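User: I'm new to reading protein structures. Could you walk me through this one?

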Amino acid sequence: ADLSTPLHHGFIRYVPSDDLSLHIRNSLPAKNDRPFVYVPVGYCHRNKDFAQRILSALHLKLPNMVIVTTETTGSTEEQQGAYRVQNLASHPVAKDWTEQHVQGVLTAKVGRLLESVVESSIEVGAWIVPDCPRRRNAAAQIVCEAIPSTSPSNVVAMGLIGLGEDEEDVLFKKSLDESKVPVGSPVMSVSQLVYDVGLKDGAPCPALTHLVMFESPEERKIFRQELLDLVPDYLVAFGNITEDAMRNVFENAKSGSPVVLLKHTGKRIDSLCKMFRHVNTHIAVSGESNTRIPPIQGEDSDLVKLFLNTWPASYNSKTIVLADPLIMNESALQKRLLGAITAAFDLKSGGIDMRLSKRKVLDYAWSLQKICNQHSKRKKSLAEGVHVQLVTCTLLSIIASILYEKVYSGGGGEAKTNVQTFVYLLTILLPLYITSLKQESNEGVAMANWTAFKIAATKIESEVLKFRCQVGPYRVEEKTEIALHRPVH
């Protein structure tokens, strides 16, 4: 067991409740376990590579993309019951429908759109990371349940949970303490949770595949931000979202990450859609993106007013997808989402000179990464070659020493044939060569060079992803104090 690391791991198993229906009970898999890693307080501050260590403990590598969902309030049934068109009479499709019919169509269409988004994203290796992966968050439940049953086994729906001081989290932490063990030690027991579709508590969503439990919510924020800084992400918002979720939508819009808003699924969603339409119309009329955005007549939300007063000059309207489930089908949403991802992560923001400069920088970075990767492979081959030579020469030396007596038997100890001379030289030269190989192997120069080039190639690739995504301001730590306060745009 690796007892030097403060990380712990274990498994959570969902067991059916006594009053669960036979149909749901039979649908549960026989081995219904979820791996989790427990992160203590201060771990992210003590270890610079904390993200890599935590993911390694889960046997995971960084994905190509992350789907983030927002926090909502209310159960799934309450969410779907709030689906409605605010101005039904003016809607081009649903103006002659009843509100009950609109709710039914919206529920079905929202489910199909989410399944389409999740399925297409899984195909490119994306993770699903709900903002609040607890059973009380209907959005997390709905998105995780949208994962197709035919998806590959390596699908990752990750739950990041920061344990607080409320009674529910304290009891949950006590259950984890009874089963978790240091990373590297075999897990002898599992932590059990009751599986009941009617429960809306703070326990993790049953549809999650991997869990990271943080002893404090602050550690969770640090890890989540690090993950989103390393990997491109896009946000999907629908339902009765919270005010914090509204702030997350605005932060994504400020940073240039794609945002998908499903209309008619909640009042705050409709308010945000109205805000983005207002901004897009104003920018289209004025022709300038850095102009002051006027207020929206009749808008009561203080958050929307704050967003408009602090609207970023670097806003790119192509990264925002306002999807009407009553009008937009699955293929159209995927096309719009692909356009938003391209606009956000393909460096199409800024003037032509800025775009050319960014692409030139990326070309240099990828070239350096390619060189480091090639040298890494070459140094690895050299390190393996030293080991193979050492083993081969050792075997030949043993064989030569065995043949020596037979070749020289009855010869008086003098080399009279070419074979005797060759064996005699092998017994002298092979030990010398083995000694030099052993010395080189012990110094580990080839292995150290391979490790250095491999780490350099990986770091360069991570920096390229940071630069392309720019979820937050991009900075280089080695620069001066003044440069640290000047993010690269």
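**Reading the model**

Analyst: Let's start with one residue: Arg-13 is partly exposed, with a relative accessible area of 30%. Buried means under 20% relative accessible area, exposed over 50%, and partly exposed in between (1.4 Å probe, protein chains only). This is a predicted model, where local features need pLDDT of at least 70, side-chain atom pairs count only at pLDDT 80 or more, and totals for chains, interfaces and linings use all residues. Residues are numbered from 1 along each chain as its sequence is written, and side-chain values use heavy atoms, with hydrogens and water left out.

User: Which residue forms a salt bridge with Arg-13?

Analyst: A salt bridge is a side-chain nitrogen of Lys or Arg within 4 Å of a carboxyl oxygen of Asp or Glu. Here the partner of Arg-13 is Asp-33, with the closest N and O atoms 2.7 Å apart. That links distant parts of the chain, as Arg-13 sits in strand 1 (residues 8–16) and Asp-33 in strand 2, 20 residues apart. Helices (H or I, at least four residues) and strands (E, at least two) are DSSP runs, numbered from the N terminus. Asp-33 counts as buried because its relative accessibility is 18%.

User: How many salt bridges does the structure hold?

Analyst: It holds 12 salt bridges. One of them joins the side chains of Arg-224 and Asp-131 (3.3 Å, N to O). Arg-224 lies in helix 8 (residues 217–230) and Asp-131 in the loop between strand 4 (126–130) and helix 6 (138–145), so this pair ties together parts that are 93 residues apart in sequence. Both ends are tucked away: Arg-224 is buried at 15%, and Asp-131 is buried at 14%.

User: What separates Asp-177 and Lys-173 in helix 7?

Analyst: About one helical turn, because they are 4 residues apart in helix 7 (residues 167–177). Their side chains meet in a salt bridge too (3.3 Å, N to O). Asp-177 is partly exposed at 34%, and Lys-173 is partly exposed at 25%. Salt bridges can also share partners, and that joins Asp-131, Arg-220 and Arg-224 into one network.

User: Now strands. Which residues of strand 8 are on each side?

Analyst: In a regular strand the side chains alternate between the two faces of the sheet. In strand 8, one side has His-210, Val-212 and Phe-214, the other has Leu-211 and Met-213, and all of these are buried. Put as a count, 5 of the 5 residues in strand 8 (residues 210–214) are buried.

User: Which strands pair with strand 8?

Analyst: Two strands pair if DSSP finds at least two bridges between them. Strand 2 (residues 33–39) pairs with strand 8 in the parallel sense over 4 bridges, and strand 5 (residues 158–162) does so in the parallel sense over 5 bridges. Look at Val-212: it is the bridge partner of Val-37, and Leu-160 stands opposite Val-212 as well.

User: What about backbone angles? Where is His-59, and is it buried or exposed?

Analyst: Phi of His-59 is near 60°, a positive value in a residue other than glycine. His-59 is in the loop between helix 3 (50–57) and strand 3 (65–69), and it counts as exposed because its relative accessibility is 75%. Phi of His-264 is also positive, near 65°. His-264 is in the loop between strand 10 (259–262) and helix 10 (267–286), but it counts as buried, at 10%.
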